Amino acid sequence: MQKHKVDQVGSLSVCSILNNPPAIDACRRYIETDLNRCFTDASLSVPLTDSSPCELRRAHELNSLLGPKGSEQAVDLLCDLHNTTSNMGICFIVDSLDWVSFHIAKYVQRKMPSSPVRLIHINVSPSEAYSVDSIAKHGFAIEVGPQPHGVLRADIYNMMKEAVDHSLEWLNKFNAGTTFEGEDVEAFVFEKSVDYPRDPETSDLMAAVHPKLQDNDFKLLQHGDPIFSLFTGETVNYEGEDLYPFFINECAYYEKRIAFHLARKKTITLPPISMKKD
Amino acid sequence: MSSYNNNSVRLNAATKVAVFGGTHGNEMSGVTLVNLWMKNSDEIQRKGLETKPFITNPKAVEKCTRYVDTDLNRAFTAENLSALGGKDLPYEVWRAQEINKMFGPKGSPDAYDVIFDLHNTTSKDYFNLQMMNYVKVRRHPQLRLEVGPQPQGVLRSNIFDSMRMIIKHALDFIELFNEGVEFPPCTVEVFRVLERVDYPRDANGNIIAMVHPNLQDCDWEPLNPGDPMFQTFDGKTIHYQGPGTVYPTFINEAAYYEKQQAFVTTKRETLVASAVKKS
């Protein structure tokens, strides 16, 4: 399996990398630990030992190759491709208030009007940012679902490919001197997570996501709406502020004790952006 | 009630029934249901029969993976069941031998009367009893119940509830049968498997195309010669070239990539099931 490859796309030198080859070979999310949680400043500075998980080693390698995180040598932009079992369509997930990433998301939204393209903002400090895209000067994840783990769906693949192509197009236009005008963009800002009801002694699940919530990512969840269906037949209703759920019933989050995330919808005003001229 | 004595098939009462979950450790509906029933099996008990819930592949369930060494649901061959080596055997081969001792031996009069083996699929398979209940009881006392679509490792409420309801009805049926109710003859539509179709691959065995969007999720719908079947990564369509219309199923099942199967083709048939009654 080819692990990485560099191509020229217009003005861009694009390096395509398979980040976790052993996990790909095993067709598993990870071998020892989730690679996409290994990029905090703390994790990247911990000395490696023989017992360090293989993903932590790989995180250090990727940081040398594409970073170091926070330095001038780091790559300009990193786009990390993900799928989810949740019905989220296409999502740009951005950690910091990165205007480049937000502008790209808005551009892709405009270019793909018949696809659901949304912007998710995880408000975390650069040192606490844990995902691989935080290594680069600018970075985001493109998350597309729903797709089961281990399955390749043509419709999901085609959406992701198109989103990546448009992102590269934006970058080439930027490098050619285009000014992208300031405008408002709607973003879903992460607020909190909700776990499944669990047995207090064994932590076993006691419920499944309610059919009225299942597949309704980004539809406003209001106080009193059903969220879980207990195995005994009763319904658990949501109590709290009206918020927007996403990552509803993502397979990989059962072990992280997350049934869904909740977000606040905000309008963010983007400044105009263009390349610095020397 | 009219009697079908002349044509009824007489069968013994089914008194030992098992419900298996976790034969594939990441198929969550069966795992969850069986775990529930192992804590409290009231819901699955019926008068006159003993129903035993059982997790067949606990190691795979713990890792939330289909299998640890080899597919348990392909492990019940005569060769495997008589292999020597005990715990040095691949985990699932050893496990198949244990299960055969507990619920078989396969082919013997001590074997359980009916086993329900609960599965999920990533394909849009709805629920798919391999054959109608009582035809299976007559010929093959093992029913594989496959419900989809559900991603591996995910528990969907609608799929979970469907499976639970199907088992409830199946057990009700067995109870009625054991009480002497005679079930009249009926016709059943079945889909008989024709062949497996693999993904287009390159010389190294890598997949070079995906199930076409027009075929994805169209399990049980007719696939005609000339219809789109696969889409290459650069967008070209590969068409179905078979001799006639087929009914594909298990379209894009995650676990079948390694078994060289993108989907299976079937043909539609009508079977006539005789009346059945307890002897």
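**Note on a helix pair, a buried asparagine and a helix end**

1. In this predicted model, the axes of helix 4 (residues 99-111) of chain A and helix 5 (residues 154-175) of chain A come within 9 Å and cross at roughly 120°, axes being lines fitted to C-alpha atoms over the stretch in contact, with angles from 0 to 180 degrees between N-to-C directions. Helix 4 of chain A is therefore oblique to helix 5 of chain A, as angles count that are not under 35 (roughly parallel), over 145 (roughly antiparallel) or 65 to 115 degrees (roughly perpendicular). Helices are DSSP runs (H or I, at least four residues), as strands are (E, at least two), numbered from the N terminus.

2. Among the residues of helix 4 of chain A that meet helix 5 of chain A are His103(A), Tyr107(A) and Lys111(A), and the residues of helix 5 include His166(A) and Trp170(A), contact meaning heavy atoms within 4.5 Å.

3. Asn19(A) lies in the loop between strand 2 (12-17) and helix 1 (21-26) of chain A. Asn19(A) counts as buried because its relative accessibility is 16%, where buried means under 20% relative accessible area (1.4 Å probe, protein chains only). Leaving aside residues up to four places away in sequence, Asn19(A) touches Leu35(A), Arg58(A), Leu62(A), Asp80(A) and Val132(A).

4. Just after helix 6 of chain B, Gly180(B) takes a positive phi of about 105°.

5. Residues are numbered from 1 along each chain as its sequence is written, and chains are lettered from A in the order in which they are written. Local features need pLDDT of at least 70, side-chain atom pairs count only at pLDDT 80 or more, and side-chain values use heavy atoms, leaving out hydrogens and water.

Definitions and conventions:
Buried < 20%, exposed > 50% of the residue type's maximum accessible area, 1.4 Å probe, protein only.
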